Amino acid sequence: MGPGLVSEGLRLLELSAAGSDLSEYHLEAAIAAIHASAPRPEATDWAAIVTLYDILLTLRPSPVVALSRAIAVGRKDGPDRGLAEIGAIQGRDRLSAYPFYFATLGDFDFQRGSMDEAREHFEAALALARNPAERRFFARRVDECIARAQTSAI
């Protein structure tokens, strides 16, 4: 996506925000705008994203929104905090068929250096993958865990 499209999207977001109504769509667009505005992924304003997810949870509480918030918390405060947030999700059992629940657990475990746990989570995500792109992504993450575990064992 080129900078011109990002600028146009931000302009349209600003126009849509003119008024007193705040919907889940405004919040989702604002989250996307923060992601798109970051010059590189590590420069993302995770604190602002957490705040927006806090508001979104009041408008549309769901385990998926809570998982997205936990991801943002983990990016902001580290994988241990992210895992703690996931553990506190109300209705977390409803995420058991959602591949990105397991992928998130795997990513946080990978960041913590827990390769066996990360691999197991990515394998669970792979088993739930809904399309070839997801299968390729999760399979690549499984392979990364195996390679990192082998490198660590040397």
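The expected span of a helix is 1.5 Å times one less than its number of residues, and helices here are DSSP runs (H or I) of at least four residues, numbered from the N terminus. This is a predicted model, in which local features need pLDDT of at least 70, side-chain atom pairs count only at pLDDT 80 or more, and totals for chains, interfaces and linings use all residues. Residues are numbered from 1 along each chain as its sequence is written, and side-chain values use heavy atoms, with hydrogens and water left out.

Two helices can be set against that expected span:

| Helix | Residues | Expected span | C-alpha end to end |
|---|---|---|---|
| H4 | 15 residues | 21 Å | 20 Å |
| H6 | 14 residues | 20 Å | 20 Å |

H6 is mostly covered, with 11 of its 14 residues buried (under 20% relative accessible area, 1.4 Å probe, protein chains only), and the cover includes H4, H5, H7 and H8. In H4 the buried residues, among them Pro63, Leu67 and Val73, pack against H3, H5 and H6.

The axes of H5 (residues 79-87) and H6 (residues 99-112), which are lines fitted to C-alpha atoms over the stretch in contact, come within 9 Å and cross at roughly 150 degrees. H5 and H6 are therefore roughly antiparallel to each other, a term for angles over 145 degrees. Their contact (heavy atoms within 4.5 Å) involves residues including Leu83 and Ile86 of H5 and Leu105 and Phe108 of H6.

A residue with positive phi follows each of two helices: Gly78, at about 105 degrees, comes just after H4, and Gly113, near 85 degrees, follows H6.

Definitions and conventions
Axes fitted to C-alpha atoms, helices over the stretch in contact; angles between N-to-C directions. Parallel < 35°, antiparallel > 145°, perpendicular 65-115°, else oblique. Buried < 20%, exposed > 50% of the residue type's maximum accessible area, 1.4 Å probe, protein only.
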